[in-house]
Amino acid sequence: MVGPIPRDSFQILPQSAKVLFGAKTRRALAAELSEAGVTRVLVLTTPRQVELGQAIGAELDQGFAGLFSGATMHTPVSVTQDAMNVLRQQGADCVLSVGGGSTIGLGKALSARSGVFHAALPTTYAGSEMTPILGETEDGVKTTRRDPNLRPSLVVYDPELTYRLPVAMSVTSAINAMAHAIEALYAQNGNPVVDLLAIEGIRALVTALPTIATQPEDTEARAAALYGAWLCGTCLGNTSMALHHKLCHTLGGSFNLPHAQTHTVVLPHVLAFNAPRIPGVVEKLQPILGADPARGLFDLAKGLDAPTALQDLGLAQADIARATQLALAKQYPNPRPVEPDAIAALLQRAWAGDPPKHEEMTTV
């Protein structure tokens with residue numbers, strides 16, 4: 001794998017989305033959609049968020065065209081096709097994604113195929129709403145693409161909608177967001193502006209999580225976490241990702257592992273793996289995560305009862321060899337050269353739930 005390129009020129013992509021932020025901002029949604037020329041809104045949710053989706057739809061009054069509640073992780077093409085049928089049947093000119101990465105991913109897929117207006121009402125910290133990225137799964141393979149037009153046109157961050165996000169999911173969703181920022185810090189096309197956003201986003205999330213764990217309806221903590229997710233999602237939208245995201249997309253798309261939980265388990269191990277090649281990044285993370293940021297991430301997850309082992313997410317030990325092979329199938333930039341034995345060992349530790357291990361590099 002190639003190493004990072006010099007970071008001597010950069011561009012911040014324009015943020016095409018209009019963003020509303022603050023408690024009760026969802027009440028402005030109907031007016032915002034009307035101003036955008038939208039007349040019929042198809043609300044998208046997962047099966048678990050039907051009640052919330054219906055409540056949001058009711059607030060849209062005559063503009064509510066219906067609800068599709070089949071969104072699921074990794075954006076299966078088959079689900080998108082089902083949703084497209086509903087979109088056409090209802091004559092909707094807008095999709096409103098209410099939820100996290102699964103629902104927002106479906107909204108992106110529908111908007112890309114139909115050209116309808118896409119608005120997002122995030123209820124997790126995934127950050128997908130701020131990215132021009134879509135990962136779709138078909139026949140057990142997850143394919144990711146970038147296109148500025150994939151960004152939702154309107155994003156409404158209302159921390160009150162995250163009160164019901166279970167603490168366990170809040171933690172894994174937040175660490176998923178941190179993964180975007182951490183990989184942005186050593187991205188081949190990173191830059192000083194994104195670095196500032198990344199550090200601020202990670203700091204906000206790490207600070208907010210302990211309060212959310214004990215006081216799930218603390219508005220300030222929930223708002224801080226959404227703020228952090230917003231920043232981390234912006235980092236993801238402006239840089240390319242490396243080994244960590246490649247591994248997680250492989251594990252999710254090919255082995256059907258849950259998205260945020262997989263990020264939570266894998267991130268400390270990849271950070272430890274890359275650490276010898278990114279001393280500057282390690283130094284920036286130390287004030288937030290401790291002397292060994294990789295171990296700090298692992299301890300943060302464990303201390304908040306988040307998963308730390310891939311075996312607990314459903315990966316069989318026998319799958320490690322295939323996961324390694326799939327992760328190495330295509331070239332992609334990473335600070336440290338990626339070798340089969342090293343990645344297999346990394347995945348073995350992540351599978352077992354062992355703490356991240358710093359290993360000496362065997363190649364230059």
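**Figure legends: a predicted protein model, view by view**

**View 1. Inside or outside?** Of the 364 residues in this protein, 57% count as buried. Keep in mind that you're looking at a predicted model. As for the outside, the protein exposes about 14,700 Å², and carbon and sulfur atoms supply 52% of that area.

**View 2. The overall build.** The protein has 13 helices and eight strands. Follow the C-alpha trace along its principal axes and you get a span of about 65 × 40 × 40 Å. How does the radius of gyration fit a compact globule? With 364 residues, such a globule would come out near 21 Å, and the protein has 20 Å, so the two agree. Now look at who touches whom: among contacts between residues at least 6 apart in sequence, 77% join residues at least 24 apart.

**View 3. Residues 17–159.** An unreviewed UniProt entry places the feature "domain: Alcohol dehydrogenase iron-type/glycerol dehydrogenase GldA" here, at residues 17–159. What is this span built from, in helix and strand? It's 31% helix and 29% strand, and its end C-alpha atoms lie 18 Å apart.

**View 4. Residues 171–351.** For this stretch, residues 171–351, the unreviewed UniProt entry gives the feature "domain: Fe-containing alcohol dehydrogenase-like C-terminal". Go hunting for strands and you'll come up with 0%, while helix makes up 71% of the span. The end C-alpha atoms of residues 171–351 lie 19 Å apart.

**View 5. Where the charges sit.** The protein carries 27 positive and 32 negative charges. Take the mean position of each set, and those two points are 3 Å apart.

Terms used:
Residues are numbered from 1 along each chain as its sequence is written. This is a predicted model: local features need pLDDT of at least 70, side-chain atom pairs count only at pLDDT 80 or more; totals for chains, interfaces and linings use all residues. Side-chain values use heavy atoms; hydrogens and water are left out. Helices (H or I, at least four residues) and strands (E, at least two) are DSSP runs, numbered from the N terminus. The radius of gyration is taken over C-alpha atoms; the globule rule is 2.2 Å times the number of residues to the power 0.38. Buried means under 20% relative accessible area, exposed over 50%, partly exposed in between (1.4 Å probe, protein chains only). Contact means heavy atoms within 4.5 Å. Accessible areas come from the Shrake-Rupley method with a 1.4 Å probe; for residues, only the protein chains shown count as cover. Lys and Arg count as positive and Asp and Glu as negative; His and the chain ends are not counted. The place of a charge is taken as NZ of Lys, CZ of Arg, CG of Asp or CD of Glu. UniProt positions are given in the numbering used here, feature names are shortened, and annotations may be inferred rather than shown by experiment.
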